[in-house]
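User: Please go through the site around the ligand in this model.

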Amino acid sequence: MRQIHHLINGVTVEAGSGRTGPVYDPATGDQTGEVALASEADVNTAVAAAAAAFDEWRHVSIARRTKLMYAFRNLVEANGEEIAARLTAEHGKVLSDAMGEVSRGLENIEYACGIAELLKGEYSSNASTGVDVHSVRQPLGVVAGITPFNFPAMVPLWTIPNAIAAGNTYVLKPSERDPSAPRFIVELFHEAGFPDGVLNVVNGDKVAVDRLLHHPHVQAISFVGSTPIAKYIYQTGTANGKRVQALAGAKNHMVVLPDADIGLAADAAVSAAFGSAGERCMAISVLVTVGDVADPLIEAVTERMAKLKVGDGTDPRSEMGPLITREHRDRVADYIGQGAEAGASVVVDGRTTEFDGDGFFLAPSLIDNVTTEMTVYQDEIFGPVLSVVRVDSYTDALKMIQDNHWGNGTAIFTRDGGAARAFQEEVEAGMVGVNVPIPVPVGYHSFGGWNDSLFGDTTMYGPEGVKFFTRPKVITSRWPDPGTSSVDLGFPRTH
Ligand code: NAD
């Protein structure tokens, strides 16, 4: 069985706690690995390594940091298939999805390759007579990332490149459910030539997270995960004086207006609801149909669902893989029954599809006539279940989204420019798609939701990411009167 250890100061460190957690292949249900669960002492060792590396790393030139970041970028690209294979083996997503995850992660490394431009300060000459003012952004010190199971490669890459390129040192605590891909990425980071201690991995659970939240040398925490834990991380981290950004759960609505292209909207709904088995924070989980678009759209979605191939992620024919654990699969399946009991119509029931073996599979489900009081609407299911809520008007659709306590992503499908413009202006969400179901921003914008989908002031990666991992300093300098210089500067001037 594969053993997954910590990587501290450039070397593999076995868990001091003696505690381990199981890692499964979700396609077979077999346990394939055992991950070390850090003790407080393990976390202390990792933070000490990062703190020791910071003094030197922050003074390494921007030119050198940039060269190393390019080398890292090239290694991640060259090893994309290996990273994807590890993702599929422990998360279960199909290989094409896993390759997509690697590409989105690469974007963030590429952005950080431009750190020279991003850290350029501002300069005001002669703000007062003989006085110049300039500003710079400096690193914070040791920072930590705590990441979820659903994007084990991409989410760590949302923050590691900007944080490190800006001169910080880093401790990563990836999800204990699928730790091999992030661990491999950190090995590539070392292969690129970064000094030991600049990036460290501690595997673990609440024990490791709590130590990071209380450790006096950790200056900032970047978290991505579920809403209750995000709230806890934000409250505890900030109470301990740390800078915290905590990206949280979601319930993303896709509004389809009566004038929309039905084929385009149906394709989008199916890929956005069931891609990666719905285990995406930007997955569409509520289809809001306006007026008489509901029946033809549901018919088009149902036709496409019948053709969706669910199977082992390593099989190139599979379009959707298993869920992350047996417990999670059962919890998701339970919601379908809850919807039916509450009076919704289960149009496609994923529970009726049988699969060979013990993998954590659940076929996609479609539930119509859902109302906002039902648990299938209120809870983040995080699985392949798409709810349809029928409304009469654009205004009703907008109000439903405004009343929802989350606000990560949302989308509108229409051919009407006026409606699209009004929606993007008014809707309460951090990321909005117009005829785009999953509007994840490119690496040179920033990612984050509103309301209960984000606790903190800055969103992640792109310009906001650089801001989060640096603090501003403004220097005001008074220079001697040129007339008093020992060099003849030609003062006083006559023009
Ligand atoms: P999770 O909250 O269970 O775990 C996230 C991290 O927190 C993991 O590293 C885990 O070890 C740690 N953790 C779990 N319980 C903890 C506790 N009690 N105390 C301290 N630390 C704890 O989330 P998950 O199940 O791994 O990921 C799925 C969730 O993440 C979904 O809610 C999804 O919407 C969300 N997510 C959000 C975004 C976003 O950008 N908003 C992106 C990806 C995932």
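User: Which helix and which strand each supply at least two residues of the shell around the ligand?

Analyst: This is a predicted model, where local features need pLDDT of at least 70, side-chain atom pairs count only at pLDDT 80 or more, and totals for chains, interfaces and linings use all residues. Residues are numbered from 1 along each chain as its sequence is written, and side-chain values use heavy atoms, without hydrogens and water. Helices (DSSP H or I, at least four residues) and strands (E, at least two) are numbered from the N terminus. At least two shell residues each come from helix 8 (206-214) and strand 11 (218-224).

User: How many residues surround the ligand?

Analyst: A residue counts if one of its heavy atoms lies within 4 Å of the ligand. Lys173, Glu176, Ser226, Ala248 and Glu380 are the closest, and the full number is 25.

User: Why does the ligand lie between two domains?

Analyst: Domain bounds come from an automatic or database assignment. The ligand lies between them because its shell takes residues from both domain 1 (2-248 + 453-476) and domain 2 (252-434).

User: How far is the side chain of lysine 173 from an oxygen atom of the ligand?

Analyst: The pair joins that oxygen atom to a side-chain N or O atom of lysine 173. A polar contact needs N or O atoms within 3.5 Å. The distance for lysine 173 is 2.7 Å.

Terms used: Polar contact = N/O pair within 3.5 Å; in protein donor to acceptor, adjacent residues only side chain to side chain.
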